Amino acid sequence: MIKGYLLLITMSAATIYAEVVEPTDGAAITAVPVSVVVPLHEVGAQGIGHHAGQVSFTESRYGLVVTPSLEGLAPGFHGFHLHQNASCAPQKKGKKWIPGGAAGGHYDPAATNQHSSPWGDGHIGDLPSLYVDADGTSTRAVLAPRLQLSDLRGRAVMVHAGGDNHSDSPSALGGGGARVACGVIN
Ligand SMILES: [Cu+2]
Ligand SMILES: [Zn+2]
């Protein structure tokens with residue numbers, strides 16, 4: 001039981017650690033990551049484009065709090081997911097280059113093969129939609145109740161052109177279409 005503690009926040013690459021110091025237990029010091037900050041870039045068929053801001057993932061008792069600080073996006077709702085691979089590069093499909101294609105599909109370690117809601121039983125990478133204000137910025141936090149920080153490493157976070165109905169019907173993968181911004185989580 002932690003009786004008293006002091007949070008010392010240090011930033012190391014993209015991970016913020018809280019060093020929990022327990023004065024009553026002498027020298028007991030542990031470092032637990034509490035937050036991961038991921039830079040995002042616009043993605044296109046040509047490759048990775050302008051910096052678009054960042055998304056931070058913070059642990060809470062209810063799951064991961066996902067807080068965007070993004071700009072230059074189209075106003076409205078956008079599909080927002082954790083994708084399988086730590087890459088935002090385009091990938092060739094037939095004769096076309098698919099923006100962000102190298103990120104692979106929605107993160108689905110349980111192989112549900114189902115696009116669903118953040119609180120459902122499909123892809124665990126399915127996040128609540130990202131909302132972008134009229135000025136192209138997005139700053140509203142969403143909650144991913146099934147995710148933990150340990151799920152993030154080696155994945156990519158992705159923003160799609162369109163919204164997300166959290167279903168594979170009438171369109172696959174929520175119908176968000178093209179990938180427009182992406183960040184690699186190392
Ligand atoms: Cu996606
Ligand atoms: Zn999905």
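**View 1. A low-confidence stretch at residues 19–23.** In this predicted model, pLDDT stays under 50 over residues 19–23. Even so, the model gives this stretch 15 contacts beyond four places in sequence. Another such region is residues 1–13, where the pLDDT is below 50. Beyond near neighbours in sequence, residues 1–13 have 17 contacts in the model. For the whole chain, the average pLDDT is 89, and 83% of the residues score at least 70.

**View 2. The chain as a run of strands.** Welcome to a chain with 13 strands and 0 helices. Following the sequence, you will read the pattern β-β-β-β-β-β-β-β-β-β-β-β-β. The chain has 186 residues, of which 33% count as buried. Take the contacts between residues at least 6 apart in sequence: 52% of them join residues at least 24 apart.

**View 3. The hairpin of E4 and E5.** Here, strand E4 (47–60) and strand E5 (63–70) come into view. The two form a hairpin, with 2 residues between them. Their pairing is antiparallel and runs over 8 bridges. Which residue of E5 is the bridge partner of Phe57? Look for Val66, which takes that place.

**View 4. E5 beside E11.** Strand E5 also pairs with strand E11, made up of residues 142–144. This pairing is in the antiparallel sense, over 3 bridges. To find one of the bridge pairs, start from Val65 and look in E11 for Leu143, its partner.

**View 5. The largest nonpolar core.** This core holds 33 residues. Which members touch the most others? They are Leu40, Ala156, Val157, Val159, Ala181, Cys182 and Ile185. Several strands supply at least two residues each, among them E3 (29–44), E4 (47–60) and E5 (63–70). Strands E7 (80–83), E10 (130–132), E12 (155–160) and E13 (179–185) do so too. The largest share comes from E13, with 5 residues.

**View 6. The surroundings of Ile185.** Ile185 is among the core residues that touch the most other members. Which residues is Ile185 in contact with, leaving aside its neighbours within four places in sequence? Val36 and Val38 are two of them, and Ala86 is another. The list also includes Leu152, Arg153, Gly154, Arg155, Ala156 and Val157. Two of these contact partners, Ala156 and Val157, also appear with Ile185 among the core residues that touch the most other members.

Conventions: Residues are numbered from 1 along each chain as its sequence is written. Chains are lettered from A and ligands numbered from 1 in the order in which they are written. This is a predicted model: local features need pLDDT of at least 70, side-chain atom pairs count only at pLDDT 80 or more; totals for chains, interfaces and linings use all residues. A nonpolar core is a set of buried Ala, Val, Leu, Ile, Met, Phe, Trp, Tyr and Cys residues joined through C-beta atoms within 7 Å. A residue is buried if 20 or more other C-beta atoms lie within 10 Å of its own, exposed if 12 or fewer, and partly exposed in between; C-beta atoms are placed from the backbone. Helices (H or I, at least four residues) and strands (E, at least two) are DSSP runs, numbered from the N terminus. Two residues are in contact if their C-beta atoms, placed from the backbone, lie within 7 Å. Two strands pair if DSSP finds at least two bridges between them. pLDDT is the predictor's confidence in each residue, from 0 to 100.
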